[in-house]
Amino acid sequence: TGVFASEVTPGIPGEKPVTIKMIDANTKEHVETLEVDACMVATGRVPATQGMGLEESGIETMRGFVAVDEKMRVLTKHEDGEVVPNVWCIGDANGKMMLAHAASAQGISAIENIVGREHAVNHDAIPAACFTHPEIAMVGPTEEQAIERAEKEGWTLGKSTGSFRANSKALAELEGNGMAKVLYNKDTGKVVAVHIIGIHAADLIQECSNAVAAGTTVQELSMMVHTHPTLCEVLDEAFKGAVGMSAH
């Protein structure tokens, strides 16, 4: 939009509105003042790692984040750091993926490594969701990141979509707006990423996460039977479209 919110003044419900001063993103000059019923402020999070004696132990942080390797072992620094013996770090503090279920997976992985069973979390296979209306969910890299990865690694990126407008259950629930996008490796058929926006996207993404984790191909997924009438047929349409079997 080219503007930033520079100041938010709380209101009183039923008496006066919340006011938001908007400034130009480039010049920083005042553009307008909005008056609204409510304003949600999402300012982000920072790791609570200060005062833990990390520096005294030779552990450098970057904006508070602790560097770890693929086994969740703490490193002395983010660039070319050495492993700190017997110290692991999981969850938001390492900044790899600031999600509760990612932290849980990292914790399990750390314990596996502590007891001698080597394990590494595949963060590309961890799904994420925004509980908006409609919902948004994703797993794997963004399309831009996937394009860059394909060019760097020398493989061809494929893309196929499915629409909620062609889904009978979505239409019956008056929620026909939305789509699912499947990104895949054309050379191997393996699913690279999936992005969904639409009703119950947060639930639908799990099938895609499992596919990424298991290395399932679009050829295999296109032949798997999906229940009718259900929302997961949006994904079925995208999988079939990837192999030239699209029906809508």
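Visitor: Which residue does Glu112 meet in a salt bridge?
Guide: Keep in mind that this is a predicted model. At 23% relative accessibility, Glu112 counts as partly exposed. Its side chain comes to 2.9 Å, N to O, from that of its salt-bridge partner, Arg117.

Visitor: Is Asp69 buried or exposed?
Guide: Asp69 shares a salt bridge with Arg73, with 2.7 Å from N to O. Arg73 has 28% relative accessibility, so it counts as partly exposed. Asp69 has 9%, and the cut-off for buried is under 20%, so Asp69 is buried.

Visitor: How many residues apart in sequence are the parts that Lys181 and Glu143 tie together?
Guide: These two form a salt bridge, their closest N and O atoms being 2.7 Å apart. Lys181 sits in strand E11, while Glu143 belongs to helix H2 (residues 143-153), so the pair links parts of the chain whose separation in sequence is 38 residues.

Visitor: Which residues make up the salt-bridge network around that pair?
Guide: Start with Lys181 and Glu143, both of which are buried. Shared salt-bridge partners bring in Lys159 too, and the network is Glu143, Lys159 and Lys181. For the whole structure, the search turns up 9 salt bridges.

Visitor: Which residue has its backbone nitrogen 3.2 Å from a polar atom of the Ser160 side chain?
Guide: Ser160 is found in strand E10 (residues 157-163), and at 7% relative accessibility it counts as buried. Leaving aside neighbours within four places in sequence, its contacts include Ala180, Lys181, Val182 and Tyr184, plus Ala238, Gly241 and Ala242. The backbone nitrogen in question is that of Ala242.

Visitor: Why is H6 described as largely enclosed by the rest of the structure?
Guide: Look at what lies over its buried residues: the cover includes E10, E11, E12, H4 and H5. Among those buried residues are Leu235, Ala238, Phe239 and Ala242, along with charged-type names such as Glu233 and Lys240. H6 is largely enclosed because the buried part of its 10 residues comes to 9.

Visitor: What is the phi of the residue that follows H6?
Guide: The residue after the helix is Gly244. Its phi is positive, near 75°.

Visitor: Which element gives the most to the largest nonpolar core?
Guide: That core has 27 residues, and those with the most contacts inside it are Phe164, Val182, Val191, Val194, Ile196 and Leu235. Elements giving two or more residues include strands E9, E11 and E12, as well as helices H5 and H6. The top contributor, with 6 residues, is H4.

Visitor: How many residues are in the second, separate core?
Guide: In soluble globular proteins, nonpolar side chains tend to be buried together. Here, the second core includes Ile59, Met72, Val74 and Ala93. Its total is 10 residues.

Visitor: What is the radius of gyration of the chain?
Guide: The chain has 6 helices and 12 strands. For 248 residues the globule rule gives 18 Å, and the chain is well over that, so it is more spread out than a compact globule. Along its principal axes, the C-alpha trace spans about 60 × 60 × 35 Å. The radius of gyration itself is 23 Å.

Visitor: What share of the accessible surface belongs to carbon and sulfur atoms?
Guide: Buried residues make up 38% of the 248 residues. The accessible surface of the chain comes to about 14900 Å². The part that belongs to carbon and sulfur atoms is 53%.

Terms used. Residues are numbered from 1 along each chain as its sequence is written. This is a predicted model: local features need pLDDT of at least 70, side-chain atom pairs count only at pLDDT 80 or more; totals for chains, interfaces and linings use all residues. Side-chain values use heavy atoms; hydrogens and water are left out. Helices (H or I, at least four residues) and strands (E, at least two) are DSSP runs, numbered from the N terminus. Buried means under 20% relative accessible area, exposed over 50%, partly exposed in between (1.4 Å probe, protein chains only). A polar contact is a pair of N or O atoms within 3.5 Å; within protein, one must be able to donate a hydrogen and the other to accept it, and residues adjacent in sequence count only if both atoms are side-chain atoms. Contact means heavy atoms within 4.5 Å. A nonpolar core is a set of buried Ala, Val, Leu, Ile, Met, Phe, Trp, Tyr and Cys residues joined through side-chain atoms within 4.5 Å. The radius of gyration is taken over C-alpha atoms; the globule rule is 2.2 Å times the number of residues to the power 0.38. Accessible areas come from the Shrake-Rupley method with a 1.4 Å probe; for residues, only the protein chains shown count as cover. A salt bridge is a side-chain nitrogen of Lys or Arg within 4 Å of a carboxyl oxygen of Asp or Glu.
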